[in-house]
Amino acid sequence: MTRKSLITAVAEAAGRCGYAFYTGFEYRINTEADKFPAAWLLPPQLVKKQGRAEGEKHYSVKLKLMNICESDLAGDKEQQWGRMEDAASRICMM
């Protein structure tokens, strides 16, 4: 899988889970993400390549899920964490 197809697959999976998708370096999160809930994919890092011409590429990725919590109640925050963890699992499995 190429880096571009990996980003496309994550973007489609995040969209199916109801998240606006963004990608880029972490320092841009505060200025770029304007729709919530949001999924921010940091640039994939190539960690291993096997084979010669048609080899396999292995990437490490970090995906950050963000949402606005309008309540300061601990229970509300825990529910939101649970929903985001479920969404992260669904995105990774798609």
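**Briefing on the predicted 94-residue chain**

The accessible surface of the chain comes to about 6,900 Å², and carbon and sulfur atoms account for 51% of that surface. The model described here is a predicted one, and its chain of 94 residues has 27% of them buried. There are 3 helices and 5 strands in the chain, and along the sequence they follow the pattern α-β-α-β-β-β-β-α. When contacts between residues at least 6 apart in sequence are considered, 38% of them join residues at least 24 apart.

**The sheet and the helix on it**

- An open sheet is formed by 3 strands in the order E1-E2-E5, and the pairing within this sheet is mixed.
- E1 and strand E5 (63–66) are the edge strands, each of them pairing on one side only, while the average turn between neighbouring strands of this sheet, with direction ignored, is 20°.
- The pairing of E1 with E2 is parallel and runs over 4 bridges, whereas E2 and E5 pair in the antiparallel sense, also over 4 bridges.
- Between E1 and E2, Ala 20 has Ala 38 as its bridge partner, Phe 21 is partnered by Ala 39, and Thr 23 is partnered by Leu 41.
- On the E5 side, Ala 39 stands opposite Leu 65, and Ala 39 is also the bridge partner of Phe 21.
- H1 packs on the sheet, where it touches E1, E2 and E5, and the direction of H1 makes about 155° with that of E1.

**The two faces of the strands**

- In E1, the covered face carries Ala 20 and Tyr 22, while the uncovered face carries Phe 21 and Thr 23.
- In E2, Ala 38 and Trp 40 point one way and Ala 39 and Leu 41 point the other way, yet all of these residues are buried.

**Nonpolar cores**

- The largest nonpolar core has 13 residues, and those touching the most other members are Val 10, Ala 14, Tyr 19, Ala 39, Leu 65 and Ile 91.
- Helix H1 (3–16), E2 and helix H3 (74–93) each supply at least two residues of this core, with the largest share, 5 residues, coming from H1.
- Ala 14, one of the core residues named above, is in contact with Tyr 19, Phe 21, Ala 39 and Ile 91 when its neighbours within four places in sequence are left aside.
- A second core, separate from this one, has 8 residues, among them Ile 29, Ala 33, Leu 42 and Met 66.

**Aromatic pairs**

- A search of the whole structure finds 2 aromatic pairs, and one of them is formed by Tyr 22 and Trp 40, which are stacked at 5.9 Å centre to centre with 20° between the planes.
- Tyr 22 belongs to strand E1 (residues 20–23) and Trp 40 to strand E2, so this pair ties together parts of the chain that are 18 residues apart in sequence.
- Tyr 22 and Trp 40 are both buried.
- Phe 25 and Tyr 27 make a stacked pair as well, because their ring centres are 6.4 Å apart and their planes lie at 10°, an angle that falls within the stacked class since planes under 30 degrees apart count as stacked.
- Tyr 27 has a relative accessibility of 66% and therefore counts as exposed, the cut-off for exposed being over 50%.

**A cis peptide bond**

- The peptide bond that leads from Phe 36 to Pro 37 is cis, with omega near 0°, and as general background most peptide bonds are trans.
- Pro 37 itself lies in the loop between helix H2 (29–32) and strand E2 (38–41).

Technical notes
Residues numbered from 1 in each chain as written. Predicted model: local features only at pLDDT ≥ 70, side-chain atom pairs only at ≥ 80, totals over all residues. Heavy atoms only, no water. Phe/Tyr/Trp six-rings, centres within 6.5 Å; stacked < 30°, edge-to-face > 60°. Buried < 20%, exposed > 50% of the residue type's maximum accessible area, 1.4 Å probe, protein only. Core = buried A, V, L, I, M, F, W, Y, C linked by side-chain atoms within 4.5 Å. Contact = heavy atoms within 4.5 Å. Areas by Shrake-Rupley, 256 points an atom, 1.4 Å probe, with all protein chains shown as cover. Pairing = 2+ DSSP bridges. Axes fitted to C-alpha atoms, helices over the stretch in contact; angles between N-to-C directions.
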